[in-house]
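Colleague: I should like to learn how to read the features of this structure. May we go through them one after another?

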Amino acid sequence: MRFRLLGAMRVRDGTVWSPIRAAQQRAVLAVLLAEPGVVVSTERLLVELWGDKPPKEAQSTLRGYIMRLRRTLGGTNASRLTTRGHGYELLASEGEVDAAEFERRVVVGRRALAEGAPQVALDHLDAGLALWRGPALADVPPGPTVTVWAARLGQSRLAALEERAAALLSLDRPGEVADELNRLVLEHPMRERLWELLMLALRA
């Protein structure tokens, strides 16, 4: 099982990527994937879906969402999505979730750049950035967790683009990054590091 969150949400079981049809089910799955292996309380999920005014049938509706997600994730297999007390736990490894794999690649790439291995850094950063297919959690309703997570992932992507530019400059390849830095500076004019990298690229 694999999960795509860097763009529209998709789930892969076998060889086919499939959407989660219902928006509220996507929201539930996103909140569970934000903290895999952690029990998310029913109360929190109700707030994520309906704020502080859930409908009277909210509890039963949520149970229905969980039941349908279990079918999507491989039936009632207790090893994947389980009920734990007054909450639910979803098990997913880092390699199954594109957002987690992206962040892992960024950490490795940043470390490699700091250690003076820009080509290794570039390889990891490119692999991580290639996972993006649009804005993070693009088709997931923006509850509290989704809103914060999507914003954090967007900032991580921007930081990864900065690290990628730095790696290319270290490899004496400014021509490959100058145009992109120009675009990024226009989009994020208050980002000081982008200006610094652009000046270095233009000076090379």
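Modeller: Let us begin with a network of salt bridges in this predicted model. Asp126, Arg164, Glu180, Arg183 and Glu187 are linked in such a network.

Colleague: Which parts of the chain are linked by the pair Arg164 and Glu180?

Modeller: The side chains of Arg164 and Glu180 meet in a salt bridge, at 3.7 Å from N to O. This pair joins distant parts of the chain, with Arg164 in helix 6 and Glu180 in helix 7 (residues 178–187), 16 residues apart.

Colleague: Is Arg164 buried or exposed?

Modeller: A residue counts as buried when its relative accessible area is under 20%. Arg164 has 19% and is therefore buried, whereas Glu180, at 22%, counts as partly exposed.

Colleague: How many salt bridges does the structure hold?

Modeller: The structure holds 19 salt bridges. One of them joins the side chains of Asp139 and Arg26, at 3.6 Å from N to O. Here too distant parts of the chain are linked: Asp139 lies in the loop between helix 5 (118–129) and helix 6, Arg26 lies in helix 1, and the two are 113 residues apart. Arg26 is buried, with 12% relative accessibility, while Asp139 is partly exposed at 23%.

Colleague: Why are Glu101 and Arg105 separated by about one helical turn?

Modeller: They are about one turn apart because they stand four residues apart in helix 4 (residues 98–114). Glu101 forms a salt bridge with Arg105, and the closest N and O atoms are 3.1 Å apart. Glu101 is buried, with a relative accessible area of 16%; Arg105 is partly exposed, with 23%.

Colleague: What does the side chain of Glu163 make a polar contact with?

Modeller: A polar contact is read from a pair of N or O atoms within 3.5 Å. The side chain of Glu163 makes one with the side chain of Arg193, at 3.3 Å. Glu163 is placed in helix 6 and is buried, with a relative accessible area of 10%. Leaving aside residues up to four places away in sequence, Glu163 touches Arg110, Leu113, Leu125 and Arg193.

Colleague: Let us turn to the sheet. In what order do the three strands stand?

Modeller: The three strands form an open sheet in the order 4-6-5, with antiparallel pairing. Strand 4 (40–41) and strand 5 (81–84) are the edge strands, each pairing on one side only. Strand 4 is joined by two bridges to strand 6 (residues 87–90), to which it runs antiparallel. Val40 stands opposite Tyr88 in strand 6.

Colleague: Which strands does helix 1 touch?

Modeller: Helix 1 (residues 23–34) packs on the sheet and touches strand 4, strand 5 and strand 6. Its direction makes about 70° with that of strand 6. Helix 3 (residues 58–72) lies across strand 5 and strand 6, and runs at about 145° to strand 5.

Colleague: Finally, which residues have the most contacts inside the largest nonpolar core?

Modeller: Phe3, Val28, Leu29 and Leu33 have the most contacts inside this core, which has 63 residues. Helix 6 (residues 144–170) gives the most to the core, with twelve residues. Not counting residues up to four places away in sequence, Phe3 touches several residues, including Trp17, Leu29, Leu33 and Leu73. Charged residues also stand among the contacts of Phe3, including Arg10, Arg80, Glu96 and Asp98.

Technical notes. Residues are numbered from 1 along each chain as its sequence is written. This is a predicted model: local features need pLDDT of at least 70, side-chain atom pairs count only at pLDDT 80 or more; totals for chains, interfaces and linings use all residues. Side-chain values use heavy atoms; hydrogens and water are left out. Two strands pair if DSSP finds at least two bridges between them. Contact means heavy atoms within 4.5 Å. Axes are lines fitted to C-alpha atoms, for helices over the stretch in contact, and angles run from 0 to 180 degrees between N-to-C directions. A nonpolar core is a set of buried Ala, Val, Leu, Ile, Met, Phe, Trp, Tyr and Cys residues joined through side-chain atoms within 4.5 Å. Buried means under 20% relative accessible area, exposed over 50%, partly exposed in between (1.4 Å probe, protein chains only). A polar contact is a pair of N or O atoms within 3.5 Å; within protein, one must be able to donate a hydrogen and the other to accept it, and residues adjacent in sequence count only if both atoms are side-chain atoms. A salt bridge is a side-chain nitrogen of Lys or Arg within 4 Å of a carboxyl oxygen of Asp or Glu.
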